Each structure stands twice: as structure tokens, then as C-alpha cells.
Amino acid sequence: MRRLLLSTLIMFISTGTFAAIANAEQVSLSNAAADLNGDGEVTLAELRRYNRDQRRN
């Protein structure tokens, strides 16, 4: 019985984690939303930072 409860708890926690990641708005280099410094060009560093911030929210 304890194993069943533990398995169920782990399943709910992992489902919640995956749901949060799936809701994050991931963008590509062509999306102006990732242009964090406003210079009109999206760099890989800006894209990575933008996508990471979206996953955290």
C-alpha cells in the first residue's frame, strides 16, 4: 500500500512539472520577443535567457 501511495505521489509531482514546462512559450531566433536588449537582432544568448525565463514562470 505504501508503494502505491508513493508511486501515485511521484506521478502527480512529475505531471505537474511537465505541465509547467509545456505551458512555457518557447520561441526561435526569428521571434522579436526574445530581443532583450532592443537592438533588433536576437542572439543565441538572448534566446536562451528568454526561453529559460519563460520556463521559470
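Contact here means heavy atoms within 4.5 Å. That cut-off sits behind the neighbours of Asn51, which, leaving aside residues within four places in sequence, are Glu25, Gln26 and Val27. Everything below comes from a predicted model.

**Figure 1. The whole chain: two helices and zero strands.** Start here to get your bearings. Helix 1 covers residues 2-23, and helix 2 covers residues 44-56. Of the 57 residues of the protein, 16% count as buried. The accessible surface comes to about 4700 Å², and carbon and sulfur atoms own 59% of that. Take the contacts with a separation of 6 or more: 27% of them are between residues 24 or more positions apart.

**Figure 2. Asn51 reaches over to Val27.** Asn51 is part of helix 2. Its relative accessible area is just 9%, so Asn51 counts as buried, the limit being under 20%. The side chain of Asn51 gets to the backbone nitrogen of Val27, at 3.1 Å. Val27 also turns up among the contacts of Asn51, along with Glu25 and Gln26, once neighbours within four places in sequence are set aside.

**Figure 3. Asp35, a buried acid with no salt bridge.** Look for Asp35 in the loop between helix 1 and helix 2. So where is the nearest side chain of opposite charge? That one belongs to Arg49, and it's 9.0 Å away. A salt bridge needs a side-chain nitrogen of Lys or Arg within 4 Å of a carboxyl oxygen of Asp or Glu. What the side chain of Asp35 does have is a polar atom 3.4 Å from the backbone nitrogen of Asp39. Not counting residues up to four places away in sequence, Asp35 touches Gly40, Glu41, Val42 and Glu46.

**Figure 4. Ser30 out in the loop between the helices.** Is Ser30 buried or exposed? With a relative accessible area of 71%, Ser30 is exposed, because the mark for that is over 50%. Its side chain makes a polar contact of 3.1 Å with the side chain of Ser28. For a sense of the spacing, pick out Leu47, 17 residues from Ser30 along the chain: the C-alpha atoms of the pair are separated by 9.8 Å.

**Figure 5. A nonpolar patch on the surface.** Which residues make this patch? They are Leu6, Leu9, Ile10 and Ile13, and together they give about 400 Å². Leu6, one of the four, is found in helix 1.

Note on methods:
Residues are numbered from 1 along each chain as its sequence is written. This is a predicted model: local features need pLDDT of at least 70, side-chain atom pairs count only at pLDDT 80 or more; totals for chains, interfaces and linings use all residues. Side-chain values use heavy atoms; hydrogens and water are left out. Patches are made of residues with over 30% relative accessible area and no salt bridge: like charges are joined within 9 Å, nonpolar side chains (Val, Leu, Ile, Met, Phe, Trp, Tyr) within 5 Å. Accessible areas come from the Shrake-Rupley method with a 1.4 Å probe; for residues, only the protein chains shown count as cover. Buried means under 20% relative accessible area, exposed over 50%, partly exposed in between (1.4 Å probe, protein chains only). Lys and Arg count as positive and Asp and Glu as negative; His and the chain ends are not counted. A polar contact is a pair of N or O atoms within 3.5 Å; within protein, one must be able to donate a hydrogen and the other to accept it, and residues adjacent in sequence count only if both atoms are side-chain atoms.
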